[in-house]
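Here is a short, friendly tour to follow with the model open beside you. Have your viewer ready and pick out the residues as they come up.

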Amino acid sequence: MALTVDLRSDTVTKPSPAMRAAMAAAVVDDDVVGRDPTMVELEERTAALLGKEAGLYLVSGCMSNLTALMTHLRRGDRFLAPRHAHILSHELGTAAHIALGVPLELPWSYAPGVPSPADIAEVAAEEPTHHAYYELITRLLCLENSHNHAGGFLIPRDINDALIAQAHQAGWQVHLDGARIWHSAAAQGITPAEAAGAADSVSVCFSKGLGAPVGSVLLGSKDFIAQARRNRKILGGGIRQGGVLAAACLVALDEELPRIDQDRIRADRLAAGLRELGFDAPAPQTNILLVTPPAAWGVSAPKLAQTWSEAGIGCHVMGPAVRLVTHRDIGDQDIATALELIAAGLPR
Ligand SMILES: *Cc1c(COP(=O)(O)O)cnc(C)c1O
């Protein structure tokens, strides 16, 4: 059955007419033999937005994170990431079996999805400084802003700065998985560059809230990106006339980025409506909402997700909750419709 309101993910968006027109008109060249001018434009604009020297276009967030880890890590280096980070839980272990890193999971001591600076200090204090012949070498801290699995929790700017400073003090690099950095920055009223802070590398997605069909950009220093470009090629990621894809991402920056906070506002309205219906639905920090039915109803998250899906509301189970995600193609009327459909199907 077709979904009436598709809240499965912010990846389900269809390219806008402006994106399709820009793709058709894109000026292109061979990215592998030389460079593709439209891809270069996207890389440079995104680097400026995130406050980094250079950028590299990749076809997905997973490929971008993996390329970053391959560039940061040597075989057997340890990297840290918060529990259920996308890099740990949703990328098929490529951080280990392709980038050859050894993961260490960090707790969510500061907030859901967010470790505390003390967590970092604790690991750093355990690091041997002498006779380290038999110890793992930690190289990298990975952060995720906003944290998908935690329910879209963002890393507040001051904590992000403190986490990065703590890692740098320990001599580690920092990679930020900023697939949804746009939402985090908008919710805090700061720029994406301010939200990213001094992270050494950042990965951002254009195919989520920004609604482009394909694309991520990895940002970092000129040297880092030059090395990452080689690693992208190792992964088979030379993207010949990739400007056709990058053109839609440029439209996303012009037309979607300025309105991105609407997604959070609509998610907030949806959460408020669900609370009125008796659900446990905390106010979302960004565009991701985790909902649980009250225990007294005796309804599990998978059962709730099935009921909603059958009623025409696209959703996903995430841990003990049902995840709803707002995006570009969800308007005010869709929120009202979702609440009506949910109210009509409440267990009684
Ligand atoms: C979706 C996502 C990715 C991966 O992006 P794809 O384009 O789906 O490969 C990485 N990190 C986070 C936090 C994500 O939500």
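## Around the ligand

In this predicted model, a polar side-chain atom of Arg180 sits 2.9 Å from an oxygen atom of the ligand. Lys208 also offers its side chain: one of its N or O atoms is 2.7 Å from a ligand oxygen. Cys62 takes part through its backbone, where a polar atom is 2.8 Å from an oxygen atom of the ligand. How much of the ligand does the protein bury? On its own the ligand exposes 380 Å², and the protein buries 86% of that.

If you would like to display the surroundings, 13 residues lie around the ligand. The nearest of them are Gly61, Cys62, Asp177, Arg180 and Lys208.

## Helix α3 against helix α10

Two packed helices are described by the angle between their axes and by how far apart those axes are. For α3 (residues 61-72) and α10 (residues 222-234), the angle is about 115° and the axes are 9 Å apart. Their crossing is right-handed.

Which residues make this contact? From α3 come Met63, Thr67, Ala68, Met70, Thr71 and His72, and they meet Phe224, Gln227, Ala228, Asn231, Arg232 and Ile234 of α10. Sorted by class, the contact has 6 nonpolar, 5 polar and 1 charged residue.

## Helix α2 against helix α11

Next, turn to α2 (residues 37-50) and α11 (residues 243-256), whose axes come within 8 Å and cross at roughly 35°. This crossing is left-handed.

On the α2 side you will find Thr38, Met39, Glu41, Leu42, Arg45, Thr46 and Leu49. They meet Gly243, Ala246, Ala247, Cys249, Leu250, Leu253 and Asp254 in α11. This contact divides into 8 nonpolar, 3 polar and 3 charged residues.

## Two backbone details to look at

Most peptide bonds are trans, and most residues other than glycine have a negative phi. Two spots in this model depart from those habits.

One is the peptide bond from Asn145 to Ser146, which is cis, with omega near 0°. Where does Ser146 lie? Look in the loop between β5 (138-144) and α7 (157-169).

The other is His84, which is not a glycine but has a positive phi of about 60°. His84 belongs to the loop between β3 (78-82) and α4 (86-89).

How values were computed. Residues numbered from 1 in each chain as written. Predicted model: local features only at pLDDT ≥ 70, side-chain atom pairs only at ≥ 80, totals over all residues. Heavy atoms only, no water. Axes fitted to C-alpha atoms, helices over the stretch in contact; angles between N-to-C directions. Helix = DSSP H or I, 4+ residues; strand = E, 2+ residues; numbered from the N terminus. Left-handed = near helix turned anticlockwise from the far one by under 90°. Contact = heavy atoms within 4.5 Å. Nonpolar A, V, L, I, M, F, W, Y, C, P; charged D, E, K, R; others polar. Near = heavy atom within 4 Å. Polar contact = N/O pair within 3.5 Å; in protein donor to acceptor, adjacent residues only side chain to side chain. Areas by Shrake-Rupley, 256 points an atom, 1.4 Å probe, with all protein chains shown as cover.
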